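Let's take a walk through this model together, beginning at one of its pockets and working inward from there. Keep the structure open beside you as you read.

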Amino acid sequence: MIINTEGIVLRQIKYGDSSSILKIYTRLRGVQSFMVRGMRKVGSKQKSALFFPLTELDITAHIEKNQLHYLKEVKLAYPYQSLYMDIRKSGIAVFLSEMLNKCLNEGESDNKLFDYIWYSLREFDASKENFNADFHLYFLFDLSAFLGFYPRREENDKSKLFDMREGCFCVEPPSHLDYLNENMASLFRCFLLWKEQQEKGMLEQGNERPQLNLSQRQQVLRCIVQYYRIQLPIIGEVKSMEILQEVFHG
C-alpha cells in the first residue's frame, strides 16, 4: 500500500554502512519505522539533513504489513528558519524528539495531538532572538493533557504539595516519596494558572509566559521528566537532558 501523509522525524538510527532506520510520527498512521537504504552514501537522493530531529515532512511511503516500510518520496513541509541555527533551540529540539519518541505509541494516530506538535514547532521556530527558553517545559505540560495525565489543580488553597503518582495537589504528604515540596509545587501551579488564564482569554495583551531563571528551569525540567517517568514508566533515562544542561550553561 502507498500512502501520502505528513510526518515529524523523531529518530534516525544508523543501519549497516550506509542505510538508516527512521522513526517518524505520521498524521495517518502514528509512529512508523522506515528503512532508507544508502542515505549516507555520497550522492544519495535522500539527504541526512532532511531527517534532523523534529523535521516536518511531506512523505509518500510504501507501507508493508509486519515489515519495515520504505519512503518513496520525501520533501520538506516546512523549512525551519532558526531551529537548527540557534544552539539553544537545537538542544531543545533534540530533547523533545527523545521525549516524543519515548511517549508516542506505534500505529496510534491522533489528529489533534499531531496538530499540536506540528504547529507548536513552527511557533517555536518563528520565535525571535529572545525566544522563550522555557518552551520545552510548557510543551511537556500541554503534551501531558493529550497523553492523559495533565496535572489537576485543586481549588483548595491549602493544597501546597503535588502528588506525582496521582497527578494532583494535596494538603498532606502522601504515603510515598513521589511528591513535590511546596516550593516546586508552586512552580508547577504557575504553569497551570497561566494556561488556564490563556484558555479563558483572561491574559492581557502583551502578557507573555512567565519566565524562569536558570536554576528554576533546571528544577522544573527534572521534576516534569520525573513526573513523566512515573506516569509512563517506559520512558526510563532521558539522555538529552545533559545536552540541555550544557547548552544553557554555555
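Helix 1 gives the most to the lining of the second largest pocket, supplying five residues. Please bear in mind that you are looking at a predicted model. The pocket in question has a volume of about 250 Å³, and two elements give two or more residues to its lining: strand 1 (2–15) and helix 1 (87–103). If you would like to find it on screen, select Val9, Leu10, Arg11, Gln12, Phe51, Pro53, Val94, Ser97, Glu98, Asn101 and Lys102, which line the pocket. By character, this lining divides into five nonpolar, three polar and three charged residues.

Now step back to the chain that carries this pocket. Six helices and eight strands make up its elements, and along the sequence they follow the pattern β-β-β-β-β-α-α-α-β-β-β-α-α-α. Of the contacts with a separation of 6 or more, 59% join residues 24 or more positions apart. The chain has 250 residues, and 48% of them are buried. On the outside, the chain exposes about 13,600 Å², with carbon and sulfur atoms supplying 48% of that area.

What lies inside? In soluble globular proteins, nonpolar side chains tend to be buried together. Here the largest nonpolar core has 56 residues, and those with the most contacts inside it are Tyr25, Phe95, Ile117, Phe139, Leu140 and Tyr228. Strand 1 and helix 1 each give two or more residues to this core, as do helix 2 (111–126), helix 3 (135–147), helix 4 (182–199), helix 5 (214–231) and helix 6 (241–249). Apart from this core lies another, of 14 residues, among them Leu22, Ile24, Phe51 and Ala61. You have already met Phe51 in the lining of the second largest pocket.

Ile117 makes a good place to pause. Which residues does isoleucine 117 touch, leaving aside its neighbours within four places in sequence? Isoleucine 117 is in contact with Ile8, Tyr25, Glu56, Leu100, Leu104 and Phe139. Two of these partners, Tyr25 and Phe139, are listed with Ile117 among the residues with the most contacts inside the largest core.

For a last stop, turn to histidine 136, which has its place in helix 3. Is histidine 136 buried or exposed? Its relative accessibility is 1%, so histidine 136 counts as buried, the cut-off being under 20%. Beyond its neighbours within four places in sequence, histidine 136 is in contact with Ile92, Phe95, Leu96, Arg217, Leu221 and Leu244.

Definitions and conventions
Residues are numbered from 1 along each chain as its sequence is written. This is a predicted model: local features need pLDDT of at least 70, side-chain atom pairs count only at pLDDT 80 or more; totals for chains, interfaces and linings use all residues. Side-chain values use heavy atoms; hydrogens and water are left out. On a 1 Å grid over the protein atoms alone, a cavity is a set of points where a 1.4 Å probe fits but cannot get out, and a pocket is an open set with protein on both sides within 12 Å along at least five of seven lines; lining residues have an atom within 4 Å of a point. Grid points are joined across faces, edges and corners, and a volume is the space filled by probe spheres set on the points. Helices (H or I, at least four residues) and strands (E, at least two) are DSSP runs, numbered from the N terminus. Ala, Val, Leu, Ile, Met, Phe, Trp, Tyr, Cys and Pro count as nonpolar, Asp, Glu, Lys and Arg as charged, and the others, Gly among them, as polar. A nonpolar core is a set of buried Ala, Val, Leu, Ile, Met, Phe, Trp, Tyr and Cys residues joined through side-chain atoms within 4.5 Å. Buried means under 20% relative accessible area, exposed over 50%, partly exposed in between (1.4 Å probe, protein chains only). Contact means heavy atoms within 4.5 Å. Accessible areas come from the Shrake-Rupley method with a 1.4 Å probe; for residues, only the protein chains shown count as cover.
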